[in-house]
Amino acid sequence: MENDSDLADPRHASAALEALEADRASIAARVASPGWYLTGISALVAVFVAGPALGGDRSGLFAMLALGPIVLAVVRDRRRRVRPPKVGGVAWGWVLLLLAVVLLLLSISFGLAAGGLAPWAALPALAAAGATFMVGRRLDAQLRRQVARVR
Amino acid sequence: MSAEAQRDVHFDELIHAPVRLRVCGLLAAAEEVEFSVVRDAVDVSDATLSKHVKVLVDAGYAAVRKAPSSVRSDARLLTWLRLTPAGRRAFSAHVAALRAIAEGLTP
């Protein structure tokens with residue numbers, strides 16, 4: 001049991017702060033998205049961008065694209081058992097930028113498909129997947145820094 | 001130190017208990033943390049953690065939420081822990097006090 005002299009001891013205070021930092025680091029490791037989650041989301045985005053070039057009945061594809069991210073997010077959340085802090089404006093900015101890039105690449109894919117160059121839609125699809133993965137990693141790094149900082 | 005700065009620095013004896021300090025530190029890092037994650041991180045038994053969580057809840061610093069689990073084969077609920085706004089303010093002020101002590105200053 002600590003006594004009054006311990007409460008004002010700089011060494012105890014430093015030790016307590018170090019323990020807090022170590023705990024924060026463990027939470028930061030948990031809140032980061034696992035590799036399979038980012039890979040899965042990136043793959044779904046690639047399929048979405050490649051969609052115009054796939055032709056045929058795409059109703060099943062749309063169902064997968066609508067449900068896929070939800071399923072991945074639910075599995076991710078159930079495994080990590082930590083609800084991360086809410087993201088700030090900068091993170092939303094990156095998400096909106098990614099959305100703009102994906103829509104641009106989708107329009108390129110439409111153009112390629114309309115021009116009889118459907119196989120080349122793989123390029124914007126891969127670019128979309130890469131952009132999604134990179135933004136996801138950036139957001140994770142930002143979240144880890146935010147969580148690891150003892151306030 | 002200004003009055004406003006003094007309000008942001010406050011040594012909280014309730015939070016300072018070693019287990020409760022670490023619990024608050026873990027909860028402050030997230031919106032909610034599941035009970036087993038906190039227990040394993042602090043390395044205490046279920047009963048010990050429950051006792052300390054109750055102290056925090058009674059002080060208005062923490063809140064508990066039970067939710068069904070689809071990962072468990074039984075019907076037991078998952079217990080989610082979070083700091084209340086008052087708890088976050090108190091923890092933040094206490095960490096500031098610890099920093100001041102660690103730097104040899106009087107909070």
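These are my notebook entries on a predicted model with chains A and B.

**Entry 1: the interface**

I began with the contact between the two chains. I found 26 residues of chain A in contact with 30 residues of chain B. The size of an interface is often given as the accessible area lost when the parts come together. I therefore looked up that area next: about 2,500 Å² is buried between chain A and chain B. Carbon and sulfur atoms give 62% of this buried area.

**Entry 2: charged and polar pairs**

How many salt bridges are there between chain A and chain B? I noted four. One that I looked up joins the side chains of Asp23(A) and Arg22(B), with 2.8 Å from N to O. I also noted seven residue pairs in polar contact between the chains, both residues being at pLDDT 80 or more.

Then I asked which parts of chain A supply the side that touches chain B. Helix H2 (10-31), helix H4 (59-80) and strand E1 (82-83) of chain A each give at least two residues. The largest share, 11 residues, comes from H2(A). I sorted this side of chain A by class and wrote down 13 nonpolar, two polar and 11 charged residues.

**Entry 3: strands across the chains**

I followed E1(A) and saw that it pairs with strand E1 of chain B, residues 32-34. The pairing is antiparallel and runs over two bridges. I looked up Arg83(A) and found that its bridge partner in E1(B) is Glu32(B).

**Entry 4: helix H4 of chain B**

I turned to H4(B), which covers residues 35-42. The buried residues I listed there are Phe35(B), Ser36(B), Val37(B), Val38(B) and Val42(B). After H4(B) comes Asp43(B), and I noted its positive phi, near 65°.

**Entry 5: two single residues**

I picked Leu99(A), which lies in helix H5 of chain A, residues 89-114. Is Leu99(A) buried or partly exposed? I entered it as partly exposed, because its relative accessibility is 47% and that class runs between 20% and 50%. I also checked Leu99(A) against Ser26(A): they are 73 residues apart in sequence, and their C-alpha atoms are 31 Å apart in space.

My other pick was His94(B), in helix H6 of chain B, residues 85-102. I entered His94(B) as buried, because its relative accessibility is 0% and the cut-off for buried is under 20%. What is His94(B) in contact with, leaving aside neighbours within four places in sequence? I listed His10(B), Phe11(B), Asp12(B), Ile15(B), His16(B) and Leu21(B). With His16(B), the side chain of His94(B) makes a polar contact of 3.1 Å.

Notes: Residues numbered from 1 in each chain as written. Chains lettered and ligands numbered in written order. Predicted model: local features only at pLDDT ≥ 70, side-chain atom pairs only at ≥ 80, totals over all residues. Heavy atoms only, no water. Contact = heavy atoms within 4.5 Å. Buried area = accessible area lost by both parts, 1.4 Å probe. Polar contact = N/O pair within 3.5 Å; in protein donor to acceptor, adjacent residues only side chain to side chain. Helix = DSSP H or I, 4+ residues; strand = E, 2+ residues; numbered from the N terminus. Nonpolar A, V, L, I, M, F, W, Y, C, P; charged D, E, K, R; others polar. Pairing = 2+ DSSP bridges. Buried < 20%, exposed > 50% of the residue type's maximum accessible area, 1.4 Å probe, protein only.
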